[in-house]
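Grab a pencil and pull up the model. Try each exercise yourself before you read the solution.

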Amino acid sequence: MRIKNLRWWIVGLLFFGTALNYLDRNVLAILEPMIKRDLNWTPQDWGLINGGFWLAYAVFAMVTGRLLDKIGTKLGYTLMLAWWGTACALHGFAGSVMGFVILRFALGMAESGVIPATAKACAEWFPQKERGFAYGLSVMGMMIGGIVAPPVTGLIAMKFGWQWAFFVTGGVCALWLLGWQWLFNDPAKNKHITEAERGYILKNKMTEHESCPDNGAGGRVSIRNLVGLPQVWGIAVARFLGDPVWAFFVAWIPKYMSEARGIVFRERKRPKLSIEQIFGRKCFIEC
């Protein structure tokens, strides 16, 4: 089966992958008031739980990037999303603060690779003149994931309990993986790409490779050379100053809205039916 303009279908896959990333990441913050009633954790405990996620995210960002370079985008993204989907689902079984710290750390390990994987996939499938637009569409899924997370997870938790919100959002990752395995591969090997599009992608990649300066074996730039670039420092300083603020809002704004503004999701209490109500009063008396 040949799919016309397959590279834009790949962008759709990447879009939903980043949306799942932020959906799974935000479930805990949204349901924190509901879970706190069951586990009685303190604000200090909540800070520790979030610290576990961001510590792993910071430490493993370079590790996941190297992993993608070594084993390829398809397998690397598969392993990372399977890992974070499983970690998200296992939150439903957590019954202590330390359990949540461990699972948040595991979630941060895998989710740290979503940006490198998305960027690498766009570089493999798009020439430079389309790459920025494709990458922008792909990471837009993060914002959409953050938008849909409150109503989706809140409704699931209200109807079935907060544990099921983690089971469902983690389980959806398995559906994405099926599409990823079927549709994604390197353009040179992909069975679903048309020959015209394959030639277009490979021709532009060859032109870019010829126009790049030689950076050693395989064209790889060393970390020492990267550290010496002012552009790298500009990006690093901006992220260092901006990311902690964003992380604070993601983790603490839902808690503020629930405790200071009274905006909470409440589980629906199902009435417990007695034997008399189930079988009828006459049957109950006779039995």
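Below are three exercises on helix packing and aromatic rings, each with a worked solution.

This is a predicted model, so to speak: local features need pLDDT of at least 70, side-chain atom pairs count only at pLDDT 80 or more, and totals for chains, interfaces and linings use all residues. Residues are numbered from 1 along each chain as its sequence is written, and side-chain values use heavy atoms, with hydrogens and water left out.

**Exercise 1.** Work out how H6 is oriented relative to H7, and which residues meet.

Start with the geometry. Helix H6 (residues 128-160) packs against helix H7 (residues 162-183) at an angle of about 130 degrees, and their axes are 7 Å apart. Helices here are DSSP runs of H or I, at least four residues, numbered from the N terminus. Axes are lines fitted to C-alpha atoms over the stretch in contact, with angles from 0 to 180 degrees between N-to-C directions.

Next, classify. Under 35 degrees is roughly parallel, over 145 roughly antiparallel, 65 to 115 roughly perpendicular and the rest oblique. H6 is therefore oblique to H7.

Now the residues. Thr153, Ile156, Ala157 and Phe160 of H6 meet Trp162, Trp164, Ala165, Val168 and Thr169 of H7 (contact means heavy atoms within 4.5 Å).

**Exercise 2.** Do the orientation for H1 and H4.

Helix H1 (residues 6-39) and helix H4 (residues 97-111) have axes that come within 11 Å and cross at roughly 170 degrees. That makes H1 roughly antiparallel to H4. On the H1 side the contact includes Asp24 and Arg25; on the H4 side, Arg104 and Glu111 are among the residues.

**Exercise 3.** Describe two of the aromatic pairs, rings and surroundings.

The whole structure holds 21 aromatic pairs. Rings of Phe, Tyr and Trp (its six-membered ring) pair if their centres lie within 6.5 Å; planes under 30 degrees apart are stacked, over 60 edge-to-face and the rest tilted.

Take phenylalanine 60 and phenylalanine 105: at 6.1 Å centre to centre and 85 degrees between the planes, they are edge-to-face. Phenylalanine 60 sits in helix H2 (residues 43-71) and phenylalanine 105 in helix H4, so the pair ties together parts 45 residues apart in sequence. Phenylalanine 60 is partly exposed at 21% relative accessible area (buried is under 20%, exposed over 50%, partly exposed in between, with a 1.4 Å probe and protein chains only).

Now tryptophan 176 and tryptophan 180. Their ring centres are 5.0 Å apart with planes at 15 degrees, so this pair is stacked. Both tryptophan 176 and tryptophan 180 are buried, and both lie in helix H7, four residues apart, about one turn of the helix.

Methods. Helix = DSSP H or I, 4+ residues; strand = E, 2+ residues; numbered from the N terminus.
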